[in-house]
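Welcome, and please open the model in your viewer. We will go from stop to stop, selecting a few residues each time and looking at what is there.

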Amino acid sequence: ICRVYGPQLDKIRPPDVAEPANVIAALRLVLPLVKAQEREVRALRVPEELRVRLARWFDLQDRRIGMLEHALRASRRQDFRAMSVAYVDFILAGPRTARLGSAIGIPHPPC
């Protein structure tokens, strides 16, 4: 999964929140990749001892994906303030998700 999505995500430069057009372009590229990656991870057979922590990681990851979706919806309304807030929230939620992911063997960045 990481060999497939990692290089694709690495090609997308993190945008400067002060440049809405770049944020929108990045959101349009990143969101489908992150969703597809998560679907594939969810399809894996999970060892019993990781189920609780992995469920928590999925919860955090789902929230982050929701933030990206919110940012993209806001961009379509040209509500750049809401878009920027949702995008920054996504970034700020990253370290918590990464710490939990690292504890269960998911690299950070995710791939």
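Before the first selection, here is a term for the whole tour: buried means under 20% relative accessible area, exposed means over 50%, and partly exposed lies in between, with a 1.4 Å probe and protein chains only. This is a predicted model, in which local features need pLDDT of at least 70 and side-chain atom pairs count only at pLDDT 80 or more, while totals for chains, interfaces and linings use all residues. Residues are numbered from 1 along each chain as its sequence is written, and side-chain values use heavy atoms, with hydrogens and water left out.

**Stop 1: helix α1**

Select residues 2-10, which make up helix α1. Helices here are DSSP runs (H or I, at least four residues), numbered from the N terminus. Which residues of α1 are buried? They are Tyr-5, Gly-6 and Leu-9. Look down the axis of α1: its buried residues fall within an arc of 105 degrees, so they line one face of the helix. That arc is taken from the directions from the helix axis to the C-beta atoms. Now add residues 20-42, helix α2, which is part of what covers the buried residues of α1.

**Stop 2: helix α3**

Next, select residues 51-76 to see helix α3, which has 26 residues. From its first C-alpha to its last, α3 reaches 37 Å, close to the 38 Å expected at 1.5 Å a residue. The expected span is 1.5 Å times one less than the number of residues in the helix. Buried residues of α3 include Leu-54, Trp-57, Phe-58, Ile-65 and Leu-68. Show α2 and α4 as well, since both are included in what covers the buried residues of α3.

**Stop 3: two buried residues of α3**

Stay in helix α3 and pick Gln-61. Gln-61 is buried, with a relative accessible area of 6%. What does Gln-61 touch, not counting residues up to four places away in sequence? Val-34, Glu-38 and Thr-97 are its partners, where contact means heavy atoms within 4.5 Å.

Move along α3 to Ser-75. Ser-75 counts as buried at 6% relative accessibility. Leaving aside neighbours within four places in sequence, Ser-75 is in contact with Ile-24, Phe-80 and Met-83. Try a distance label from Ser-75 to Pro-20: the two are 55 residues apart along the chain, yet their C-alpha atoms are separated by 8.1 Å.

**Stop 4: the loop after α3**

Select Gln-78, in the loop between α3 and α4. Is Gln-78 buried or exposed? Gln-78 is exposed, with a relative accessible area of 59%. Check its backbone too: Gln-78 has a positive phi of about 60 degrees although it is not a glycine. Most residues other than glycine have a negative phi.

**Stop 5: salt bridges**

How many salt bridges does the structure hold? There are seven, a salt bridge being a side-chain nitrogen of Lys or Arg within 4 Å of a carboxyl oxygen of Asp or Glu. Here are some to select:

- Glu-38 and Arg-42: the closest N and O atoms are 3.0 Å apart. Both residues lie in helix α2, four residues apart, about one turn of the helix. Glu-38 is buried, with a relative accessible area of 6%, whereas Arg-42 counts as partly exposed at 41%. Add Asp-62 to the selection to see a network of salt bridges linking Glu-38, Arg-42 and Asp-62.
- Glu-48 and Arg-51: these side chains meet at 2.8 Å, N to O. Glu-48 is exposed at 56% relative accessible area, while Arg-51 counts as partly exposed at 42%.
- Arg-56 and Asp-59: their closest N and O atoms are 2.6 Å apart. They are separated by about one helical turn, because they are three residues apart in helix α3. Arg-56 is partly exposed, with a relative accessible area of 29%, and Asp-59 is partly exposed at 28%.

**Stop 6: a nonpolar patch**

Finally, turn on the surface and select Val-17, Val-88 and Leu-92, a nonpolar patch with about 230 Å² of accessible area together. Patches are made of residues with over 30% relative accessible area and no salt bridge; like charges are joined within 9 Å and nonpolar side chains (Val, Leu, Ile, Met, Phe, Trp, Tyr) within 5 Å. Accessible areas come from the Shrake-Rupley method with a 1.4 Å probe, and for residues only the protein chains shown count as cover. Leu-92 is found in helix α4, residues 80-103, and is exposed, with a relative accessible area of 61%.

Technical notes: Helices (H or I, at least four residues) and strands (E, at least two) are DSSP runs, numbered from the N terminus.
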